[in-house]
Amino acid sequence: MDRAVHYARPKGPKIQSRCTVTGGHVSISGLQELMKYDSVLVLDTNRKSINNEEVAAACFVHCRFVSEEEAVIVECDGRLNVYEFHNVPETENPEMLGLLKVALEISRAVDKSKPIKIALITDSELGRHDKINKRLEPIFGDQYLPDGFTLHYASAERGREVINNLMRFCDKQSSNYLKFLEEGSVKTSELEPLKEAPTVKHRYMFSDGIEIVNPIIKGISIGLGTTVTLYGKKKPD
């Protein structure tokens, strides 16, 4: 079952957020889906040519959505993370590389005695999500998404849900990082070859002190005057 939020436009609906639930029902608010995960990782990537080299910055934050009495609280670990990639092939998407990299790092670090369930929120390659999640198609190169991870979509351009706001935050931080890197104001470390893509060099950077000022959140609700359209398929005769 799919839950998708969109707005109308002449060439067709523009999706603002989308997730798929297997073996259950979706919620109107969109929060129940997020609370089912051990953690939710929101990642956005921008790229820029710096000193004749193609550089991409994948910025991401870790969150948890927790039910507390009658409210839902979003908890952030307080860290802004950045993967800086150099010379990702033009045929590949650096955002998919960032998602693969962080999923593999988490997989190596967690307790293997119990399954993990982590949502990866991205605004990239919506049309490929279903096949990537079913492990029918690689997420990057010839590598598949590790078990325990699921892609969800959220747009940074529009949308008023919490994941849209988090995506906009990561988008802004990614752009700022590239700007500061070009200006020479980022204290950098040595670039290292990337195991997942040997032709790519990378480094990991982070900053602490990220805080969500108002952690109590509300999802979408249906109020008075809301118009609902039901779609169905006619059974064959």
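**Close-up 1. Strands β9 and β10 pair side by side in this predicted model**. Strand β9, residues 192-194, meets β10 in the antiparallel sense, and 3 bridges join the two. Within this pairing, Pro193 stands opposite Lys201 in β10. The two strands make a hairpin, with 2 residues between them. Strand β10, which covers residues 197-208, also runs antiparallel to strand β6, residues 79-86, and here there are 8 bridges. If you would like a landmark for that second pairing, look for Glu84, which stands opposite Arg203 in β10.

**Close-up 2. Aromatic rings gather into a cluster of Phe60, Tyr83, Phe85, Tyr204 and Phe206**. A pair of aromatic rings is described by the distance of the centres and the angle of the planes, so those are the two numbers to look for here. The structure as a whole holds 4 aromatic pairs. One of them joins Tyr83 and Phe85, with 6.0 Å from centre to centre and 25 degrees between the planes, and it is stacked. Both Tyr83 and Phe85 are buried. Why is the pair of Tyr204 and Phe206 stacked as well? Its ring centres are 5.9 Å apart and its planes meet at 25 degrees, so the pair counts as stacked, because planes under 30 degrees apart earn that label. Tyr204 is partly exposed, at 32% relative accessibility. Phe206 is partly exposed too, with a relative accessible area of 45%.

**Close-up 3. Two positively charged side chains sit over tyrosine rings**. Arg158 lies over the face of Tyr7, and the distance to the ring centre is 3.7 Å. In the other case, the charged end of Lys117 is found over the ring of Tyr37, 5.5 Å from the centre of that ring.

**Close-up 4. Strand β1 has a covered face and an uncovered face**. In a regular strand the side chains alternate between the two faces of the sheet. In β1, residues 2-7, the covered face carries Arg3, Val5 and Tyr7. Asp2, Ala4 and His6 belong to the uncovered face. The partner of β1 is strand β2, residues 14-20, and 6 bridges hold this antiparallel pairing. Asp2 stands opposite Thr20 in β2. The hairpin of β1 and β2 has 6 residues between the strands, and Gly12 takes a positive phi near 125 degrees there.

**Close-up 5. The largest pocket encloses about 680 Å³ of space**. Its lining counts 30 residues, and those closest to the pocket centre are Arg160, Glu161, Val162, Asn164 and Lys218. Which elements supply at least two lining residues each? They are β1, β2, α1 (31-35), β8 (149-154), α4 (162-183) and β11 (216-217). Helix α4 gives the most, with 5 residues. By class, the lining of this largest pocket divides into 14 nonpolar, 10 polar and 6 charged residues.

**Close-up 6. The second largest pocket has a volume of about 580 Å³**. Here 14 residues form the lining, and the closest to the centre are Ala4, Ile28, Ile222, Thr227 and Val228. You have already met Ala4 on the uncovered face of β1. The lining of the second largest pocket is made up of 8 nonpolar, 5 polar and 1 charged residues.

**Close-up 7. Glu125 and Arg135 each take a positive phi**. Most residues other than glycine have a negative phi, which makes these two worth a look in your viewer. Glu125 is not a glycine, yet its phi is about 55 degrees. Glu125 is found in the loop between β7 (118-122) and α3 (129-133), and at 26% relative accessibility this residue counts as partly exposed. For Arg135, phi is near 60 degrees. Arg135 belongs to the loop between α3 and β8, and its relative accessibility of 25% makes it partly exposed.

**Close-up 8. Asp77 lies in the loop between β5 and β6**. Is Asp77 buried or partly exposed? With 47% relative accessibility, Asp77 is partly exposed, since the exposed class begins over 50%. For a sense of distance, the C-alpha atoms of Asp77 and Leu34 are separated by 16 Å, while the two residues are 43 residues apart along the chain.

Note on methods
Residues numbered from 1 in each chain as written. Predicted model: local features only at pLDDT ≥ 70, side-chain atom pairs only at ≥ 80, totals over all residues. Heavy atoms only, no water. Phe/Tyr/Trp six-rings, centres within 6.5 Å; stacked < 30°, edge-to-face > 60°. Buried < 20%, exposed > 50% of the residue type's maximum accessible area, 1.4 Å probe, protein only. Lys NZ or Arg CZ within 6 Å of the ring centre and 35° of its normal. Helix = DSSP H or I, 4+ residues; strand = E, 2+ residues; numbered from the N terminus. Pairing = 2+ DSSP bridges. 1 Å grid on protein atoms, 1.4 Å probe; cavity = no way out; pocket = protein on both sides within 12 Å on 5 of 7 lines; lining within 4 Å. Points joined across faces, edges and corners; volume = space filled by probe spheres on them. Nonpolar A, V, L, I, M, F, W, Y, C, P; charged D, E, K, R; others polar.
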